[in-house]
Amino acid sequence: MLEKLTIIGGNDKEGNPENVKLFEIDAGMVFAIVGPTGSGKTQLISDIEQFIDDSETISGRSILINNHPASEFNFNKSLRYLIAEVSQNMNFVIDITVENFLLMHTKVREIENQKEIIDEALKITNELAGEPVYFSDNLTKLSGGQSRALMVADAAVISKAPILLIDEIENAGINRLKALEILKKQGKIILVITHDPTLLLMADKRIVMKNGGMNKLHITSTEEKELLKSLVNFEEKISNIRDYIRNGGIIKEKNFDI
Amino acid sequence: MRFIVVAGTPSSGKTSVMYYTISHILKNNVKVAACKIDCLETSDDERYGKLGIPVAVGLSDYLCPDHFYVANLEEIETWAKNQNADILVLETAGLCHRCAPYVNDCLSICVIDNLIGIDTPKKVGPMLSTADIIVITKGEIVSHAEREVFRHKVEMINSKARILEINGLTGQGSLKLKNEIMKYKELDTISGKELKYSMPASICSYCAGETIVGSQYQMGNVKKVDFGRQK
């Protein structure tokens with residue numbers, strides 16, 4: 001079982017040692033990676049995904065899993081699905097129903113109580129998605145939000161990968177706060193790459209990338225948590241307006257207070 | 001010299017995967033030569049050329065590219081040795097699924113992608129089932145769940161191979177392939193080595209240049225569809 005991931009700092013793009021020498025992520029924690037485009041977010045994720053030892057990364061970082069060098073785990077089959085990923089660019093491409101796909105995936109993961117688990121996956125999907133998803137729906141016909149919701153549900157109860165990487169999910173059609181709560185409860189390590197302030201402040205900690213290096217480690221403050229509440233509130237209002245207009249509503253007077 | 005044979009389904013990203021892998025290898029000051037076998041045309045040599053390594057191209061033209069490939073293995077080896085290469089990367093055309101171009105004591109790499117469909121690994125045949133390393137690409141655009149299912153289907157066809165997931169656009173994952181190549185044993189000479197899987201039997205009238213359809217134009221090794229075949 002994965003309890004702790006440790007990242008030991010290396011060098012930035014110019015070969016200078018990174019400001020952050022070491023940081024740890026515990027299971028059940030949401031960790032955000034921020035920084036402008038080109039600041040090294042993808043490389044950091046790539047280092048974690050490949051969990052290679054310090055002689056091989058371009059950045060010179062090394063990764064420990066439960067305090068052991070990650071390279072020791074290289075050939076361990078149980079760790080080959082270490083990281084599951086949900087991103088805006090990912091789609092379902094198999095032409096098959098939701099039910100048959102979930103059954104197929106539970107079989108691959110050698111899950112015994114298949115029916116129970118796929119019911120749970122569908123339940124979570126529907127808690128997260130804006131529009132209902134049915135077992136009989138075809139995977140390729142799902143909307144973006146529905147697909148993302150199903151991916152999160154699958155990651156939570158079927159995939160069982162201990163680390164989940166969330167790469168910039170848009171708010172439309174999926175309840176992100178709830179998604180993070182469900183995943184946290186599963187004891188996963190959740191890495192979020194995003195430019196979106198709401199998603200960012202949902203994280204317990206964040207690492208700020210600069211010039212290819214880990215520049216700063218920050219624990220989300222109480223003030224920030226307060227701001228998050230307002231942001232979530234605000235997003236809900238926007239979402240209400242969206243639904244109102246989508247359902248044929250016409251804005252006449254000041255019936256929405258922003 | 002290490003002899004690396006790369007095969008795979010069309011457009012799976014063979015050249016991209018090898019491009020990034022070779023660029024990692026070159027950082028160790030190891031000399032690499034690349035050869036691409038194709039049918040009528042290829043631009044993959046330009047891609048390899050950007051790495052500043054010696055590149056050769058073999059076009060099979062009117063011949064079966066796999067037969068052409070085997071018939072040229074010794075010549076390709078000699079060429080690469082003349083370039084003082086420590087590693088020869090030989091990329092094949094990747095067309096029909098009947099063949100596997102792998103030779104014993106050469107590292108055989110099969111590149112396939114997540115988009116070819118969940119039942120396709122079964123159809124890819126010996127190219128997949130006899131590979132030492134299977135590289136799966138295009139994982140960045142399909143759901144993680146499908147990646148797991150796809151990988152499982154691949155494992156069912158070839159349980160011995162090391163499976164690596166590589167992003168052909170960014171090269172992510174290619175360091176691991178580099179390490180596998182660097183670990184692989186050297187080959188004295190390809191002469192006398194055996195193909196892992198036989199090439200298709202051939203020599204019908206169409207092999208010899210016939211172009212007209214019809215039984216009366218067919219001679220030699222001709223096989224007909226068995227319409228009685230039940231599933």
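# Exercises on a predicted two-chain model

With 26 other C-beta atoms inside 10 Å, A:Ala121 counts as buried (a residue is buried if 20 or more other C-beta atoms, placed from the backbone, lie within 10 Å of its own, exposed if 12 or fewer, and partly exposed in between). The model is predicted, and local features need pLDDT of at least 70, side-chain atom pairs count only at pLDDT 80 or more, and totals for chains, interfaces and linings use all residues. Residues are numbered from 1 along each chain as its sequence is written, while chains are lettered from A and ligands numbered from 1 in the order in which they are written.

## Exercise 1. The surroundings of A:Ala121

Task: State in which helix A:Ala121 has its place, and which residues A:Ala121 touches, not counting residues up to four places away in sequence.

Solution. Begin with the secondary structure, in which helices (H or I, at least four residues) and strands (E, at least two) are DSSP runs, numbered from the N terminus. A:Ala121 belongs to helix α3 of chain A. Next, look for contacts, where two residues are in contact if their C-beta atoms, placed from the backbone, lie within 7 Å. Leaving aside residues up to four places away in sequence, A:Ala121 touches A:Leu102, A:Ala153, A:Asp154, A:Val157 and A:Ile158. Finally, take A:Thr42, which is 79 residues from A:Ala121 in sequence and, from C-alpha to C-alpha, 29 Å from A:Ala121 in space.

## Exercise 2. Two residues with positive phi

Task: For A:Asn66 and A:Glu110, find the loop in which each lies, and decide whether each is buried, partly exposed or exposed.

Solution. Start with A:Asn66, which lies in the loop between β4 and β5 of chain A. Its phi is near 45°, a positive value in a residue other than glycine. A:Asn66 has 13 C-beta neighbours inside 10 Å, so it counts as partly exposed. Then turn to A:Glu110, found in the loop between α2 (98–108) and α3 (114–128) of chain A. The phi of A:Glu110 is near 55°, again positive in a residue other than glycine. A:Glu110 has 7 other C-beta atoms within 10 Å and is therefore exposed.

## Exercise 3. A sheet in chain A

Task: Give the strand order of the open sheet of four strands in chain A, and explain why one side of β2 and of β5 is left without a neighbour in the sheet.

Solution. Note at the outset that two strands pair if DSSP finds at least two bridges between them. The order of the open sheet is β2-β1-β4-β5 in chain A, and the pairing is antiparallel. β2 (22–26) and β5 (68–69) of chain A stand at the edges with a single partner strand each, so one side of each lacks a neighbour in the sheet. Within this sheet, β1 (residues 4–8) of chain A and β4 (residues 62–65) of chain A are joined in the antiparallel sense by four bridges. One residue to locate on β1(A) is A:Thr6, whose bridge partner in β4(A) is A:Leu64.

## Exercise 4. A crossover in chain B

Task: Describe how β2 and β3 of chain B run relative to one another, and follow the chain from β2(B) to β3(B).

Solution. Strand β2 (residues 32–38) of chain B and strand β3 (residues 55–59) of chain B run parallel and are joined by five bridges. B:Ile37 stands opposite B:Gly58 in β3(B). Between the two strands the chain passes through helix α2 (residues 44–49) of chain B, and this β-α-β crossover is right-handed (with the strands pointing away from the viewer, the path from the first strand over the helix to the second runs clockwise).

## Exercise 5. Where the chains meet

Task: Say how many residues each chain gives to the contact, and which element of chain A supplies the largest share of its side.

Solution. Chain A contributes 22 residues to the contact and chain B contributes 16 residues. On the side of chain A that touches chain B, α1 (41–50), β6 (83–87), α2 and α4 (144–159) of chain A each supply at least two residues. The largest share of that side, five residues, comes from α4(A). Sorted by kind, the residues of the side of chain A that touches chain B are 13 nonpolar, six polar and three charged (Ala, Val, Leu, Ile, Met, Phe, Trp, Tyr, Cys and Pro count as nonpolar, Asp, Glu, Lys and Arg as charged, and the others, Gly among them, as polar).
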